[in-house]
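Open the model in your viewer and keep the sequence panel beside it. We will go from one selection to the next, with a note on what you find at each stop.

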Amino acid sequence: MSERKVLTKYYPPDFDPSKITRARRPRGTTPPGPKVQTVRLMAPFSMKCTACGEYIYKGRKFNARKETTDEKYYSISIFRFYIRCTRCSGEITFKTDPKNMDYTCERGAKRNFEIWRQGGEGEDKETDEERLDRLEREEGEKNAMEELEAKVHSAKEDMAVADALDEVRTRNARNERWAGAKEVGDVVKEQIDEERRRLEMEDEELARRAFMTETGEKVRRIGEGDGEDGDGAEGGVAKTAGELMPPPPVPTFKRAVKKKKDLGAALGIKKKPALV
């Protein structure tokens, strides 16, 4: 512990304290040169280190030095940031771009290609005339697309109208056919009813002729006559049937009592007779 608490310091033989000057500046003033401060930030875009080829993805955190430059976009200050590569510790510099609301890589790395930034900066950056030409071309394409959409819409409307007309015509033709079929059906039904009545009348006429004699008298049935032969025959038949088949017994609703079985005799048990 004694080595850490040094009371005397070494001064070389050629030490001249008069050469040491202390810079004093008034209070409230800033040191000359750009203002630099250490900040914690994330990489605003994906980049590739030009020294070692290391890829640095967007969102990686760094302890960077923030420098306020003299450049301005209107009244917006432009800041420059210094970071180091995670592999070779090479210095990478980029600054803000308020005009395009983005960042610009200055040195030490190359920004990766991004499709949405195509034509935004560098050699591919378009001029005002090219931008106007592009806008006019897009406007013309837009008008052409609107005309095409209008034509397609009108064609769809025409097709819908034609389909509706065809449906109305089909419905009218079907109604006409149904009306004609109904009339024809009524006529056919009347013809069928007439034919049925005619056949019924012919059947009645044939039945009437079949039950009449040559003299025109109506033939009576056997049961309708008063002859003795018929009554004797019927009486003889009834008598014979009565002798052969006796009358059925009269049903009774009296409950029949079943005799109980003597199970003791089967088991070898003898019941003693009663003394009284």
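**First stop: a charge over a ring**

Select arginine 65 and tyrosine 82. Arginine 65 lies over the face of tyrosine 82, at 4.5 Å from the ring centre. A charge counts as sitting over a ring if NZ of Lys or CZ of Arg is within 6 Å of the ring centre and within 35 degrees of the ring normal. Now add lysine 66 and phenylalanine 79: here lysine 66 lies over the phenylalanine 79 face, 4.3 Å from the ring centre.

Before moving on, a word on what you are looking at: this is a predicted model, in which local features need pLDDT of at least 70 and side-chain atom pairs count only at pLDDT 80 or more, while totals for chains, interfaces and linings use all residues. Residues are numbered from 1 along each chain as its sequence is written, and side-chain values use heavy atoms, with hydrogens and water left out.

**Second stop: the five-strand sheet**

Switch to cartoon view. Helices (H or I, at least four residues) and strands (E, at least two) are DSSP runs, numbered from the N terminus, and two strands pair if DSSP finds at least two bridges between them. An open sheet of five strands runs in the order β1-β4-β5-β6-β7, with antiparallel pairing. Its edge strands are β1 (36-42) and β7 (102-107), each of which pairs on one side only. From one strand to the next, the twist averages 35°; axes here are lines fitted to C-alpha atoms, for helices over the stretch in contact, and angles run from 0 to 180 degrees between N-to-C directions.

Select β1 and β4 together. Seven bridges join these antiparallel strands, and methionine 42 stands opposite lysine 61 in β4. Next, select residues 61-73 and 76-84, which are β4 and β5: they pair in the antiparallel sense over six bridges. You will meet arginine 65 again, standing opposite tyrosine 82 in β5.

**Third stop: the hairpin with two tyrosines**

Zoom in where β4 meets β5. Tyrosine 73 has isoleucine 76 in β5 as its bridge partner. The hairpin has two residues between the strands, and tyrosine 74 takes a positive phi near 60°. Most residues other than glycine have a negative phi.

How exposed are these tyrosines? Tyrosine 73 is partly exposed, with a relative accessible area of 27%, and tyrosine 74 is exposed at 73%. Buried means under 20% relative accessible area, exposed over 50%, and partly exposed in between (1.4 Å probe, protein chains only).

**Fourth stop: aromatic rings**

Colour the rings of Phe, Tyr and Trp (its six-membered ring): they pair if their centres lie within 6.5 Å, with planes under 30 degrees apart counted as stacked, over 60 as edge-to-face and the rest as tilted. By this rule there are five aromatic pairs. One of them joins tyrosine 73 and tyrosine 74 edge-to-face, 4.6 Å centre to centre with 75° between the planes. Then select Phe45, Phe81, Phe94 and Tyr103, which form one aromatic cluster.

Stay with phenylalanine 45, in the loop between β1 and β2. Is phenylalanine 45 buried or exposed? Phenylalanine 45 is buried, with a relative accessible area of 0%. Not counting residues up to four places away in sequence, phenylalanine 45 touches Ile56, Tyr57, Lys58, Phe94, Tyr103, Cys105, Arg111 and Glu114 (contact means heavy atoms within 4.5 Å). Try a distance label too: the C-alpha atoms of phenylalanine 45 and asparagine 112 are separated by 7.9 Å, although 67 residues apart along the chain.

**Fifth stop: the three-strand sheet**

This open sheet has the order β3-β2-β8, again with antiparallel pairing. At its edges stand β3 (55-56) and β8 (109-111), each with a single partner strand, so one side of each is left without a neighbour in the sheet. Strand β2 (residues 47-49) is joined to β3 by two bridges, and the bridge partner of methionine 47 in β3 is isoleucine 56.

**Last stop: aspartate 97 and two loops**

Aspartate 97 is in strand β6 (residues 91-97) and is buried, at 16% relative accessible area. Its side chain makes a polar contact of 2.9 Å with the side chain of asparagine 100. A polar contact is a pair of N or O atoms within 3.5 Å; within protein, one must be able to donate a hydrogen and the other to accept it, and residues adjacent in sequence count only if both atoms are side-chain atoms.

Finish with methionine 101, in the loop between β6 and β7, where phi is near 55° and the residue is exposed at 77%. Serine 89, in the loop between β5 and β6, has a positive phi near 60° and is partly exposed at 44%.
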